[in-house]
Amino acid sequence: MVFKELDPVLHSQLRLAVMSVLMREKEAEFTVLKEKTNATAGNLSVQINKLKEAEYIEVTKQFKDNYPLTICHITAKGETAFQDYVKSIQTYFHTGRKP
């Protein structure tokens, strides 16, 4: 059995958590992602930038009631990468079983 290679961008607990939220919600504010992932603001910012560089998410910065607002939106490339990652992980669970 050959195991599928795992996407190194998604093979990070926090980046995977962010993508999981965005797969369900399609977009989320930074504060919501911080709350749902229980991450620090600094670590979340770094991981969001890595997802943005991979073109898995788009980041929009604006203001709401004079406060900065960062919104993350999953891209089609990000959705495909997430689905492929899940399929790759599943190959690890089906070792020895016939499809």
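How many helices and strands are there in the chain? The exercises below work outward from this count.

**Exercise 1. Describe the chain as a whole.**

Solution. The structure is a predicted model, in which local features need pLDDT of at least 70, side-chain atom pairs count only at pLDDT 80 or more, and totals for chains, interfaces and linings use all residues. Residues are numbered from 1 along each chain as its sequence is written, and side-chain values use heavy atoms, with hydrogens and water left out.

Step 1. The chain contains four helices and three strands. Helices (H or I, at least four residues) and strands (E, at least two) are DSSP runs, numbered from the N terminus. Read from the N terminus, the order of the elements is α-β-α-α-β-β-α.

Step 2. Along the principal axes, the C-alpha atoms fill a box of roughly 60 × 25 × 20 Å.

Step 3. The chain has 99 residues, and 35% of them count as buried. Buried means under 20% relative accessible area, exposed over 50%, and partly exposed in between (1.4 Å probe, protein chains only).

Step 4. The accessible surface of the chain is about 6,800 Å², and carbon and sulfur atoms hold 52% of that area. Accessible areas come from the Shrake-Rupley method with a 1.4 Å probe; for residues, only the protein chains shown count as cover.

Step 5. Among the contacts in the chain with a separation of 6 or more, 55% are between residues 24 or more positions apart. Contact means heavy atoms within 4.5 Å.

**Exercise 2. Derive the order and pairing of the strands in the sheet.**

Solution. Two strands pair if DSSP finds at least two bridges between them.

Step 1. Strand 1 (residues 27–29) pairs with strand 3 (residues 67–74) in the antiparallel sense over three bridges. Alanine 28 has cysteine 72 in strand 3 as its bridge partner.

Step 2. Strand 2 (residues 57–64) is joined to strand 3 by eight bridges, and the two run antiparallel. Glutamate 58 is bridged to histidine 73 of strand 3, and isoleucine 57 to isoleucine 74 of strand 3.

Step 3. The result is an open sheet of three strands in the order 1-3-2, with antiparallel pairing. Strand 1 and strand 2 stand at the edges with a single partner strand each, so one side of each has no neighbour in the sheet. The twist averages 25° from one strand to the next.

Step 4. Helix 2 (residues 30–37) packs on the sheet and touches strand 1 and strand 3, its direction making about 90° with that of strand 1. Helix 3 also packs on the sheet, where it touches strand 2 and strand 3; its direction makes about 125° with that of strand 2. Axes are lines fitted to C-alpha atoms, for helices over the stretch in contact, and angles run from 0 to 180 degrees between N-to-C directions.

**Exercise 3. Characterise the packing of helix 1 on helix 3.**

Solution. Step 1. Helix 1 (residues 13–25) and helix 3 (residues 41–53) pack at an angle of about 70°, with their axes 10 Å apart. That makes helix 1 roughly perpendicular to helix 3. Angles under 35 degrees count as roughly parallel, over 145 as roughly antiparallel, 65 to 115 as roughly perpendicular and the rest as oblique.

Step 2. From helix 1, Leu14, Arg15, Val18 and Met19 meet Asn43, Leu44, Gln47, Lys50 and Leu51 of helix 3. These contact residues divide into five nonpolar, two polar and two charged. Here Ala, Val, Leu, Ile, Met, Phe, Trp, Tyr, Cys and Pro count as nonpolar, Asp, Glu, Lys and Arg as charged, and the others, Gly among them, as polar.

**Exercise 4. Contrast a residue within strand 3 with the loop that precedes it.**

Solution. Step 1. Threonine 70 is found in strand 3. Threonine 70 is buried, with a relative accessible area of 17%. Not counting residues up to four places away in sequence, threonine 70 touches Ala28, Glu29, Phe30, Val59, Thr60 and Lys61.

Step 2. Aspartate 65 lies in the loop between strand 2 and strand 3 and is exposed, with a relative accessible area of 65%. Asparagine 66 is also in the loop between strand 2 and strand 3, and counts as exposed at 74% relative accessibility.

Step 3. Most residues other than glycine have a negative phi. Aspartate 65, although not a glycine, has a positive phi of about 55°; asparagine 66, not a glycine either, has a positive phi of about 65°.
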